[in-house]
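Reader: Could you walk me through a few features of this protein model, step by step?

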Amino acid sequence: MPDPLAAWIAPVDYLGYLEAIGDFLAAGGAADALRTLLTNASSIDAQFGGVWPFDLTGDGEPETIVSIYDPASRPVEPVPSGMLLIYGCAGRTTPLLYQDTGRPMLQVKRIDDLIGAGRGAQIATVRSECGAHTCFDTFDVLGWDGARFTGLMGDRLQMPYPRYTLENVDADAALEIRAASGQIASVGAGPQRTTTETWDWNGAQYVKVGRELSAPEYRIHLVHDADDALLRGDLAGAIEMYDRVIGDDALKDWLAEIGVEKPQDRANLTAYAWYGILLANIRLGDAASAQAAFDRVSADFPVGAPGNAYQRLAQILWSKVQETGSLGAACEAVNDYANGDTTALDGLNAFGYANRQYVAADMCPFATP
């Protein structure tokens with residue numbers, strides 16, 4: 001039973017809270033009383049910190065979860081330094097079962113039976129780290145493995161300005177993590193698409209089971225989708241998307257949007273799309289359509305015109321296919337050329353560090369091993 005007369009001995013500094021809290025709980029101090037004490041000490045407020053009694057280990061006795069921040073860091077950092085502490089209960093002792101004193105503080109987002117075990121609980125946490133332009137939030141789930149508290153994520157889940165939610169989206173008892181990204185707040189990152197990931201509990205850890213991209217608004221992103229379709233063998237779908245790259249005036253052109261003088265992104269991506277249609281039709285075995293695509297890229301992007309780099313790739317590809325009858329040999333020739341003359345790569349890689357960066361082998365990804 002909590003002791004309302006339990007003595008609180010205030011520490012001389014912030015680091016002393018770890019021992020002071022343990023002593024207070026060992027003396028029978030209640031979680032509600034501790035929350036009030038720490039709020040009055042300016043280590044918990046409406047945004048950061050808290051105290052929660054919760055049975056995390058499944059033994060029928062509640063642990064005490066304490067989240068506090070360092071008052072000295074609160075006014076000067078977007079997310080202050082702090083501690084996440086978990087105290088057990090063993091007779092009249094309160095062993096410290098877990099501590100995180102990272103910077104910025106580990107924030108508690110939810111405490112519940114997240115994995116559907118039927119006993120015990122887990123803690124969903126977020127650590128937010130901010131740079132000059134953007135904050136990245138790392139999501140974790142902390143759980144008891146029978147001996148200690150450990151992270152339950154199978155891989156790192158980190159996104160810029162995300163929205164993390166825990167939802168039951170399937171038939172099992174475990175909650176799924178839905179992670180929707182925001183965008184990097186820097187022009188240097190280039191145009192971006194939002195991403196929504198689903199992470200599911202597999203009985204041992206949370207693993208990513210799904211990823212959805214927002215519909216492409218920029219021409220370069222539709223190029224990425226078309227290239228992905230080509231690589232996975234969806235040739236008709238790839239051709240349809242390359243056609244949209246060429247003709248869809250509603251798609252945005254990034255370099256023009258940010259005011260680059262004489263932007264060439266639309267010309268480059270249009271020429272590249274014709275090259276992609278040529279490659280797809282070669283894969284389909286449609287020689288007539290391949291010839292038509294080659295004729296078009298040659299007519300529209302002659303020497304000296306923006307986009308001519310992709311006409312050169314098309315020339316090498318189509319000539320080598322006709323000479324050898326081998327797409328693999330043609331791809332080797334294209335990639336060798338792109339490795340020496342990076343003009344085509346430069347045109348595709350002009351969209352900031354948050355976007356795909358092409359290498360020579362991507363120009364014709366069907367070379368023989």
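Author: Happy to; some questions and answers on salt bridges, a hairpin and one contact-making residue follow.

This is a predicted model, in which local features need pLDDT of at least 70, side-chain atom pairs count only at pLDDT 80 or more, and totals for chains, interfaces and linings use all residues. Residues are numbered from 1 along each chain as its sequence is written, and side-chain values use heavy atoms, leaving out hydrogens and water.

Reader: How many salt bridges are there?
Author: Side chains of opposite charge can pair when their charged atoms come close. Here a salt bridge is a side-chain nitrogen of Lys or Arg within 4 Å of a carboxyl oxygen of Asp or Glu. By this rule the count is 16.

Reader: Which residue forms a salt bridge with R127?
Author: The partner's side chain meets that of R127 at 2.9 Å, N to O. R127 lies in strand β6 and its partner in strand β4, so the pair ties together parts 27 residues apart in sequence; strands are DSSP runs (E, at least two residues), numbered from the N terminus. The partner is D100.

Reader: Is D100 buried or exposed?
Author: Buried means under 20% relative accessible area, exposed over 50%, and partly exposed in between (1.4 Å probe, protein chains only). D100 has a relative accessible area of 14%, so D100 is buried.

Reader: Which residue stands opposite E197 in β13?
Author: Strands β12 and β13 run antiparallel, joined by seven bridges; two strands pair if DSSP finds at least two bridges between them. They form a hairpin with four residues between them. Opposite E197 stands R211.
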